[in-house]
Amino acid sequence: MKKKIFTIAAIALLAVACGPSSKSDYDEAADTLCKCMEDASAEDPPGMDMTTTNLGVCVVELDAEVVKNDMLIESIEAKCPDIKDAFEEYVDNM
């Protein structure tokens with residue numbers, strides 16, 4: 001029984017250690033996304049909303065576990081709130 005508990009604890013520790021663990025990790029991911037969206041939007045054809053397409057390209061740069069975490073949405077809201085709603089919708093449809 002102790003081996004099972006130890007194994008489960010070890011797996012849980014590894015799962016936590018592999019993912020971002022601090023707000024600064026999510027802030028860094030939000031910075032990456034915001035910068036990518038800014039760069040991509042600068043190349044959009046005039047009069048066309050390419051937000052969803054740009055999100056698809058920019059999200060590829062991020063780890064999937066980071067993208068699906070609510071802490072990233074909080075960081076996006078603080079750093080580039082203009083894409084927050086589109087990002088949430090994009091993630092919901094993933």
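**Exercise 1. The surroundings of helix 3**

Determine which helices the buried residues of helix 3 pack against.

*Solution.* The buried residues of helix 3 pack against helix 2, helix 4 and helix 6. The model is predicted, so local features require pLDDT of at least 70 and side-chain atom pairs pLDDT 80 or more, whereas totals for chains, interfaces and linings use all residues. Residues are numbered from 1 along each chain as its sequence is written, and side-chain values use heavy atoms, without hydrogens and water.

Step 1. Identify the buried residues (under 20% relative accessible area; exposed is over 50%, partly exposed in between; 1.4 Å probe, protein chains only). In helix 3 these are Asn54, Leu55, Cys58 and Val59.

Step 2. Examine their directions about the axis, taken from the axis to the C-beta atoms. The buried residues of helix 3 fall within an arc of 125°, so they line one face of the helix.

Step 3. Turn to the face of helix 3 directed away from the buried side. There, Thr52 and Val57 are exposed.

**Exercise 2. The overall fold**

State how many helices and strands the protein chain has, and what share of its residues is buried.

*Solution.* Step 1. Helices (H or I, at least four residues) and strands (E, at least two) are DSSP runs numbered from the N terminus. The protein chain has six helices and zero strands, in the order α-α-α-α-α-α from the N terminus on.

Step 2. Of the 94 residues in the protein chain, 26% are buried. The exposed surface of the chain is about 6600 Å², of which carbon and sulfur atoms supply 58%.

Step 3. Consider contacts (heavy atoms within 4.5 Å). Among those between residues at least 6 apart in sequence, 64% join residues at least 24 apart.

**Exercise 3. The disulfides**

Find the disulfides, give their geometry and explain why each is left-handed.

*Solution.* Step 1. With a disulfide taken as a pair of cysteine sulfur atoms within 2.5 Å, a search of the whole structure finds two. Counting bonded cysteines along the chain, the pattern is 1-4, 2-3.

Step 2. Cys34 is joined to Cys80 at an S to S distance of 1.9 Å. The torsion about this S-S bond of Cys34 and Cys80 is about -65°, so the disulfide is left-handed. The pair links distant parts of the chain, 46 residues apart: Cys34 belongs to helix 2 (residues 23-42), and Cys80 to the loop between helix 5 (70-79) and helix 6 (84-92). Cys34 counts as buried at 13% relative accessibility, and Cys80 is buried at 8%.

Step 3. Cys36 is joined to Cys58 at an S to S distance of 2.1 Å. Here the torsion about the S-S bond is about -85°, so the disulfide of Cys36 and Cys58 is left-handed. Cys36 lies in helix 2 and Cys58 in helix 3 (residues 51-59), so the pair ties together parts 22 residues apart in sequence. Both cysteines are buried: Cys36 has a relative accessible area of 12%, and Cys58 one of 1%.

**Exercise 4. The nonpolar core**

Describe the largest nonpolar core and state which element gives the most to it.

*Solution.* Step 1. A nonpolar core is a set of buried Ala, Val, Leu, Ile, Met, Phe, Trp, Tyr and Cys residues joined through side-chain atoms within 4.5 Å. The largest such core has 20 residues, and Leu33, Leu72, Ile76 and Phe87 have the most contacts inside it.

Step 2. Two or more residues come from each of helix 2, helix 3, helix 4 (64-67), helix 5 and helix 6. Helix 2 gives the most, with seven residues.

Step 3. Leaving aside neighbours within four places in sequence, Leu33 is in contact with Leu55, Cys58, Val59, Leu62, Ile76, Ile83 and Phe87.

**Exercise 5. The two faces of helix 6**

Determine which residues of helix 6 are buried, and which exposed residues the face turned away from them carries.

*Solution.* Step 1. The buried residues of helix 6 are Lys84, Phe87 and Val91. They cover an arc of only 60° around the axis, which puts them on the same side of helix 6.

Step 2. The face of helix 6 turned away from the buried side carries the exposed residues Asp85, Glu89 and Asp92.

Step 3. The partners of the buried residues of helix 6 are helix 2, helix 3, helix 4 and helix 5.

Step 4. Lys84 is buried, with a relative accessible area of 16%. Not counting residues up to four places away in sequence, Lys84 touches Ile73, Ile76 and Glu77.

Notes. Areas by Shrake-Rupley, 256 points an atom, 1.4 Å probe, with all protein chains shown as cover.
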